[in-house]
Amino acid sequence: MKQLLCYLPWLLLSLLVSPFSEARFVVEKNSLSVTSPESIKGTHDSAIGNFGIPQYGGSMAGTVVYPKENQKSCKEFSDFSISFKSQPGALPTFLLVDRGDCFFALKVWNAQKAGASAVLVADNVDEPLITMDTPEEDVSSAKYIENITIPSALVTKGFGEKLKKAISGGDMVNLNLDWREAVPHPDDRVEYELWTNSNDECGVKCDMLMEFVKDFKGAAQILEKGGFTQFRPHYITWYCPHAFTLSRQCKSQCINKGRYCAPDPEQDFSSGYDGKDVVVENLRQLCVYKVANETGKPWVWWDYVTDFQIRCPMKEKKYNKECADSVIKSLGIDSKKLDKCMGDPDADLDNPVLKEEQDAQVGKGSRGDVTILPTLVVNNRQYRGKLEKSAVLKALCSGFEETTEPAICLSTDVESNECLDNNGGCWQDKSANITACKDTFRGRVCECPTVDGVQFKGDGYSHCEPSGPGRCTINNGGCWHEERDGHAFSACVDKDSVKCQCPPGFKGDGIKKCEDINECKEKKACQCPECSCKNTWGSYECSCSGDLLYIRDHDTCISKTGAQVRSAWAAVWLIMLSLGLAAGGAYLVYKYRLRQYMDSEIRAIMAQYMPLDSQPEVPNHVNDERA
């Protein structure tokens with residue numbers, strides 16, 4: 001009875017996640033489509049299990065099997081000599097089992113060991129879908145939970161009955177599990193948050209959380225530094241009901257006079273660390289993120305958390321401020337800003353940082369209240385499944401708009417490149433090594449590419465062709481071209497109005513072929529009586545018999561001698577004309593200068609014998625010469 005009274009406040013707290021709103025839990029679903037038989041064909045909802053590895057961003061097709069024995073899958077199927085391993089070439093097996101008698105996770109684990117590729121659990125109660133979670137801290141279940149790798153989902157009782165009826169009637173039940181829309185993917189950046197806890201002594205879930213943070217640190221920092229994601233950590237806290245704020249339990253597990261609380265790590269109020277120690281460290285880790293984010297380096301949070309786990313574990317009695325300060329110093333975090341962010345945990349005041357966290361616990365939009373720890377939220381949608389690096393990375397990658405995924409999402413560890421198999425069924429120009437196939441996290445898309453600034457246009461599946469300026473630089477614009485005897489000919493015309501046109505001297509469609517026109521045979525050149533025609537590739541040569549010279553512009557032959565005489569006379573006349581022009585020019589200059597000189601002399605003589613009062617003195621060049 002005494003022990004029950006000790007935990008009574010926390011039984012109340014579990015119902016009061018936030019003082020501001022009623023709890024609202026949202027079940028994360030994926031689409032389930034029955035493709036056969038016709039009687040139950042259609043799309044149905046199913047609730048994603050919170051363990052195993054859902055194929056976020058992908059889909060899976062399989063055949064549903066309902067076992068004749070061990071229908072609740074609470075025992076190993078090997079005890080019944082039953083196997084669900086698919087034969088080569090057959091669809092994977094989706095095992096349908098009934099709810100009840102054992103943990104959801106154990107049902108899936110037994111099915112996985114028997115060879116099932118996915119598990120559908122049929123509800124045994126007519127109720128809305130719920131999330132299948134892992135058992136509470138149970139050492140015996142810890143080992144198999146972390147080894148579950150197949151996806152699972154809960155279906156309604158009514159839909160489960162329809163599946164069983166179809167199977168018992170001899171129908172082959174085929175269906176698709178589709179996770180492609182389980183995470184919204186609106187743009188080229190993914191926002192995600194991790195609801196976590198600094199307590200490292202809370203059992204299996206805490207161990208799993210700590211291991212995940214260490215493993216995922218590298219990928220998270222790559223995504224954050226590249227600007228591909230925006231991450232934010234969160235920490236769950238509760239408040240102590242007013243009637244218990246002065247109780248021993250609230251004093252040891254809460255700060256700021258009962259406003260922010262966490263359960264005792266060892267569930268023993270008389271020894272070890274208290275819940276308020278966990279709240280203070282949670283607050284410190286939140287402030288590490290805030291201070292690092294202000295400096296443009298939010299990824300430092302991952303460094304601090306992993307270093308604190310390694311250097312300051314509870315079991316070594318190092319879970320304290322002194323150890324935390326040493327980690328902070330080694331990472332170069334501003335301790336003064338950190339202390340200011342944390343505030344006074346003993347003050348009878350709201351802490352702005354923790355109050356914001358309590359508000360954030362309340363679901364908004366498509367995201368429900370955060371009630372499961374740890375919880376991962378991707379693009380405002382709660383992640384369901386195993387908290388493991390590759391599984392979480394798949395969920396994040398499914399949140400990117402197609403063709404915007406970072407390289408880490410297209411690595412072979414995360415997804416398979418569908419363009420490697422028959423080019424994904426897309427258009428391809430093997431000679432130019434150009435393809436319309438683009439590998440994305442959700443699969444390939446066929447989209448005409450842009451190469452060296454030249455945009456290809458078409459449907460992407462059977463046809464793509466270069467368009468616009470510069471199109472002829474890419475594989476000759478898809479037009480005919482050929483090189484012979486050191487001469488290259490192309491039918492590509494760098495204009496949008498005309499795409500491919502055979503060059504002069506050729507005829508054809510300009511795309512697949514352009515044939516040489518035989519101007520001699522078709523009598524398009526060298527038609528004068530004295531002309532002799534010889535066809536060449538892309539052109540022709542004309543020559544004249546004897547001493548005749550061929551004039552191409554007039555398509556005629558003239559005498560070489562006559563041509564030479566005419567050329568000589570032309571040269572003579574040109575020389576004479578040049579000399580005449582030169583003489584004429586000299587004469588004009590001479591005549592002008594001579595007349596000017598004679599006029600000045602006459603004026604000088606007349607000025608000496610018949611001076612005029614109004615006439616200024618005229619220089620006498622004669623006297624100048626005599627002097």
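**Figure 1. Asp 98, Glu 161 and Lys 164 join up in a network of salt bridges.** Welcome to the first close-up of this predicted model. Within the network, the side chains of Asp 98 and Lys 164 meet with an N to O distance of 2.6 Å. Their salt bridge links distant parts of the chain, 66 residues apart: Asp 98 sits in strand S4, while Lys 164 belongs to helix H4 (residues 157–168). Are these two partners buried or exposed? Asp 98 is buried, at 13% relative accessible area, and Lys 164 also counts as buried, at 16%. Both values fall under the 20% cut-off for burial.

**Figure 2. Asp 101 pairs with Lys 72 in a salt bridge.** Here the closest N and O atoms are 3.0 Å apart. Asp 101 lies in the loop between strand S4 (93–98) and helix H2 (104–113), and Lys 72 in the loop between strand S3 (59–65) and S4, so this contact ties together parts that are 29 residues apart in sequence. As for accessibility, Asp 101 is exposed, with a relative accessible area of 68%, whereas Lys 72 is partly exposed at 32%.

**Figure 3. Glu 191 and Arg 189 form a salt bridge.** In this view, look for the closest N and O atoms, which are 2.9 Å apart. Glu 191 counts as partly exposed, with 28% relative accessibility. Arg 189 is partly exposed too, at 32%.

**A note on the whole set.** How many salt bridges does the count come to? The total is 19. Side chains of opposite charge can pair when their charged atoms come close.

Technical notes
Residues are numbered from 1 along each chain as its sequence is written. This is a predicted model: local features need pLDDT of at least 70, side-chain atom pairs count only at pLDDT 80 or more; totals for chains, interfaces and linings use all residues. Side-chain values use heavy atoms; hydrogens and water are left out. A salt bridge is a side-chain nitrogen of Lys or Arg within 4 Å of a carboxyl oxygen of Asp or Glu. Helices (H or I, at least four residues) and strands (E, at least two) are DSSP runs, numbered from the N terminus. Buried means under 20% relative accessible area, exposed over 50%, partly exposed in between (1.4 Å probe, protein chains only).
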